[in-house]
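User: Please take a close look at one part of this model. Then place that part in the chain as a whole.

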Amino acid sequence: VALAVLLFLVELVSLLGSRDEATREPGSLAVIFVALGALTLVWRRHRPVAGFIVLTALMVIFYLRNYGSFMSIVGLGGFYAVAAHARNRRVAWIAIVTSAVVLLVAASDSLLQGPDGFEYPSAASMITSICVVVFVGVVARNHEQIFRQAEARADEAEADRAAAAERARGEERLRIARELHDVVAHGMSVISVQAAAAQEIAAADPERAVELMRTVETTSRESLTEMRRMLGVLRNSQSS
């Protein structure tokens, strides 16, 4: 909006300063045309082609009424907007070429007609200005696309790194879970065997049964300690 207002003021100053005897006096209607033309630039990023079509129609009327100005500031802004921001490149080029031809034809019957006939230098200046602005718009669009592609590649690389880190954490948790299973399974097997043996010889050899139960106690403590250690490692890996 700020840019549209700025271009409107610059165009208005240009319009008021370009009067001569062969042109129509710029009244309120000319100011309205300039204001509407500048207003189309508000949507230059979201609806560049649609706004440019409206702007072209306003400029054609502006030329045919012979207000003595090319409405160049706002008009070139429309050409730039289409070249830089239109998503469909084919539609953008069709709009640019069609608008340039239409504007040149419309200006040929008014602004480009001087006392000595058709003013070729003015026509060449008009065409050159359009070509330069369109070129700048294309370059800006290409730079923006390169930046977006680089940004997308950076995001993709970051996502790949995050996925690789998550896979590594998952593999580490799986390894810890397998070790935990092995420790618990081994400890439970030892406890089961020793407890069964102690039960079998409890009546015949009480002292040996007591030793076996001590082994059961020691094994259970060691298994519990190892299980707690592995659970701590597993929790740390999940929190990281």
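Analyst: Start with Thr 56, which touches Ser 99 and Leu 103, leaving aside residues up to four places away in sequence. This is a predicted model. Thr 56 belongs to helix α3, which covers residues 48–64. Is Thr 56 buried or exposed? Its relative accessibility is 11%, so Thr 56 counts as buried. The cut-off for that label is under 20%.

Now step back to the chain. There are 240 residues, and 32% of them count as buried. Thr 56 is classed as buried too. The fold has seven helices and two strands. In sequence order the pattern reads α-α-α-α-α-β-β-α-α. Take the contacts between residues at least 6 apart in sequence: 69% of them join residues at least 24 apart. The chain exposes about 14,900 Å². Carbon and sulfur atoms supply 62% of that area.

Next, a piece of that surface. Which residues form a nonpolar patch there? They are Leu 29, Ile 32, Leu 36, Leu 39 and Trp 43. Together they offer about 440 Å² of accessible area. Leu 29 sits in helix α2, residues 28–40. Its relative accessibility is 34%, so Leu 29 counts as partly exposed. Joining a patch takes over 30% relative accessible area, and Leu 29 has 34%. Compare the labels: Thr 56 of the opening is buried, whereas Leu 29 is partly exposed.

Then helix packing. Helix α4 spans residues 72–85, and helix α6 spans residues 120–201. The two pack at an angle of about 30°. Their axes lie 7 Å apart. The crossing of α4 past α6 is right-handed. On the α4 side, the contact is made by Leu 76, Phe 79, Tyr 80, Ala 83, Ala 84 and His 85. On the α6 side, the contributors include Ile 130, Val 133, Val 134, Gly 137 and Ala 140. Polar or charged names appear there as well, among them Ser 129, Arg 141 and Glu 144.

Helix α6 also carries a charged pair. The structure holds four salt bridges. One of them joins the side chains of Arg 161 and Glu 158, at 2.6 Å from N to O. These two are three residues apart in α6, so about one helical turn separates them. Glu 158 has 44% relative accessibility and therefore counts as partly exposed.

Helix α7, residues 206–239, has a similar story to tell. Glu 211 and Arg 208 meet through their side chains in a salt bridge, 3.2 Å from N to O. They are three residues apart in α7, which means a separation of about one helical turn. Glu 211 is partly exposed, because its relative accessibility is 41%. Arg 208 is partly exposed too, at 39%.

Further along α7, a salt bridge links the side chains of Arg 221 and Glu 217, at 3.1 Å from N to O. Here the spacing is four residues, about one turn of the helix. How do the two partners rate for exposure? Arg 221 has a relative accessible area of 55%, so it is exposed. Glu 217 stands at 40% and counts as partly exposed. The line between those labels is drawn at 50%.

Back to the starting point. Thr 56 is a buried residue of helix α3, in touch with Ser 99 and Leu 103.

Methods. Residues are numbered from 1 along each chain as its sequence is written. This is a predicted model: local features need pLDDT of at least 70, side-chain atom pairs count only at pLDDT 80 or more; totals for chains, interfaces and linings use all residues. Side-chain values use heavy atoms; hydrogens and water are left out. Patches are made of residues with over 30% relative accessible area and no salt bridge: like charges are joined within 9 Å, nonpolar side chains (Val, Leu, Ile, Met, Phe, Trp, Tyr) within 5 Å. Accessible areas come from the Shrake-Rupley method with a 1.4 Å probe; for residues, only the protein chains shown count as cover. Buried means under 20% relative accessible area, exposed over 50%, partly exposed in between (1.4 Å probe, protein chains only). Axes are lines fitted to C-alpha atoms, for helices over the stretch in contact, and angles run from 0 to 180 degrees between N-to-C directions. A crossing is left-handed if the near helix is turned anticlockwise from the far one by less than a right angle, and right-handed if clockwise. Contact means heavy atoms within 4.5 Å.
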